[in-house]
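This report goes through one protein model, from its overall build to selected residues. The sequence and the coordinates are shown first.

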Amino acid sequence: MSLKSMSSKRLWLVLITNLKSSLGEQGVIEVARHPDAATVVTGIVGCAGLKPTVAAIEAGKDIALANKETMIAGGAFVLPLAHKNNIKILPADSEHSAIFQCIQGLPKGALRKIQLTGSGGAFREWPAEKMKDIKLKDALKHPIWSLGRKITIDSATLFNKGLEVIEAHYLFGAEYDDIEIVIHPQSIIHSLVETQDSSVIAQLGLPDMRLPLLYTLSWPERVYCSEITWPRLDLTKYGTLTFQAPDTKKFPSVNLCYAAGRAGGTMTGVFSAANEIAVELFVAEKISYLDIFKIAELTCNEHQKELVTSPTLEEIFHYDQWARQYAAGLQKALSV
């Protein structure tokens with residue numbers, strides 16, 4: 001299969017979904033359900049990407065998922081809707097794409113555990129006592145990936161990895177006890193799966209987001225890429241690949257993410273929204289790095305009183321907005 005043989009309708013939609021800023025919310029929704037489209041790539045950050053995704057599913061479009069909130073905030077609503085409309089949701093994030101690639105050909109019930117890998121972010125080697133001194137410029141220095149500001153900071157706090165655990169739960173039906181985080185600084189192994197007979201299958205590749213996105217568009221086939229445009233992975237140049245468990249004392253986000261995931265319902269969306277606001281406040285230098293964790297935890301604690309386990313789409317958006325307002329209000333009680 002070559003790029004030329006891929007559906008022109010499919011490629012056209014990938015390009016036009018990047019016009020969010022000029023189309024507005026309703027315009028993006030109309031694009032997402034355009035009758036000529038075969039697959040919709042959802043890459044809008046935050047809950048803003050949920051409505052276009054739902055519109056695309058209702059219109060019978062397959063989803064190439066690059067928007068975490070579709071599953072984190074809306075998984076309890078989106079998955080039944082996708083099943084009802086016989087829609088495929090193909091993950092474009094590198095870790096979830098790796099898991100998806102690893103489970104191809106596995107029979108039902110063969111998956112035992114998922115191991116989500118992550119670089120560990122900018123502060124993997126920092127001593128715990130130094131974390132209170134972290135500044136914005138420190139958090140924006142990702143050791144491996146070239147990413148946007150929000151996701152770079154999420155990587156530095158390990159919120160990104162914890163949120164991926166929630167997303168993996170919804171995408172692959174794995175219980176939270178069966179999803180593990182593994183810090184892998186070289187970012188060559190993008191994730192692994194363990195099967196019922198203890199075999200472990202991994203997907204490897206250079207740190208490059210183009211490959212998982214390409215796979216969502218070509219699946220179940222593989223597009224030929226020459227070595228000129230796509231360098232081969234030469235493991236002999238790396239020599240050693242290392243692994244370690246996440247430090248949950250330095251990064252309380254890990255346990256917070258698991259707790260939010262196990263609570264389920266509207267809690268995961270509230271958790272994600274609170275983190276998003278906390279990151280915005282940190283970027284504006286209105287709170288400290290450690291306050292990011294506090295805001296997420298305090299917002300989730302407050303939401304326990306109104307948790308909805310099987311939310312409607314309207315309830316998902318209601319509590320997303322509630323979480324943003326509550327999290328923003330916590331700034332007054334915290335100091336840089």
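Helices and strands are runs assigned by DSSP, at least four residues long for helices and at least two for strands, and they are numbered from the N terminus. On that basis S187 is placed in the loop between β5 (179–183) and β6 (189–195). The model is a predicted one.

## Overall build

The protein contains 14 helices and seven strands. Its radius of gyration is 20 Å, which agrees with the value near 20 Å that a compact globule of 336 residues would have. Along the principal axes, the C-alpha atoms fill a box of roughly 55 × 50 × 40 Å.

Among contacts with a separation of 6 or more, 72% are between residues 24 or more positions apart. Of the 336 residues, 53% count as buried.

## Surface and charge

The protein has an accessible surface of about 15,800 Å², and carbon and sulfur atoms make up 53% of that surface. There are 34 positive and 36 negative side chains. The centres of these two sets lie 4 Å apart.

## Backbone exceptions

Most residues other than glycine have a negative phi, and most peptide bonds are trans. The peptide bond joining W219 and P220 is cis, with omega about 5°. P220 is located in the loop between α10 (210–218) and α11 (253–263).

N86 is not a glycine, yet its phi is positive at about 55°. N86 sits in the loop between α5 (75–84) and β3 (89–91), and it counts as exposed because its relative accessibility is 66%, over the 50% cut-off. S187, also not a glycine, has a positive phi of about 55°. The loop holding S187 links β5 and β6, but here the residue counts as buried, because its relative accessibility is 6%, under the 20% cut-off.

## The annotated C-terminal domain

An unreviewed UniProt entry carries the annotation "domain: DXP reductoisomerase C-terminal" for residues 204–326. Over this range the chain is 54% helix and 1% strand. The C-alpha atoms at the two ends of the range are 41 Å apart.

## Helix α11 and its cover

Which residues of α11 are buried? They are S253, V254, L256, C257, Y258, A260 and G261. An α-helix has 3.6 residues a turn, so residues three or four places apart point the same way. The cover over the buried residues of α11 includes the helices α8 (149–157), α9 (159–172), α12 (267–283) and α13 (289–303), as well as strand β5. After α11 comes G264, which has a positive phi near 70°.

## H303 and K286

H303 belongs to helix α13. Is H303 buried or exposed? It counts as buried, because its relative accessibility is 1%. With neighbours within four places in sequence left aside, H303 is in contact with T266, M267, V270, Y319 and W322.

K286 is placed in the loop between α12 and α13. This lysine is partly exposed, with a relative accessible area of 44%, which lies between the cut-offs of 20% and 50%. K286 and L334 are 48 residues apart in sequence, and their C-alpha atoms are 8.8 Å apart in space.

## V193 in strand β6

V193 lies in strand β6, the strand that comes after the loop with S187. At 0% relative accessibility, V193 counts as buried. Which residues does V193 touch, not counting residues up to four places away in sequence? The list is I99, C102, I103, L111, K113, S199, V200 and I201.

V193 and I114 are 79 residues apart in sequence. In space, their C-alpha atoms are 4.6 Å apart.

Key: Residues are numbered from 1 along each chain as its sequence is written. This is a predicted model: local features need pLDDT of at least 70, side-chain atom pairs count only at pLDDT 80 or more; totals for chains, interfaces and linings use all residues. Side-chain values use heavy atoms; hydrogens and water are left out. The radius of gyration is taken over C-alpha atoms; the globule rule is 2.2 Å times the number of residues to the power 0.38. Buried means under 20% relative accessible area, exposed over 50%, partly exposed in between (1.4 Å probe, protein chains only). Contact means heavy atoms within 4.5 Å. Accessible areas come from the Shrake-Rupley method with a 1.4 Å probe; for residues, only the protein chains shown count as cover. Lys and Arg count as positive and Asp and Glu as negative; His and the chain ends are not counted. The place of a charge is taken as NZ of Lys, CZ of Arg, CG of Asp or CD of Glu. UniProt positions are given in the numbering used here, feature names are shortened, and annotations may be inferred rather than shown by experiment.
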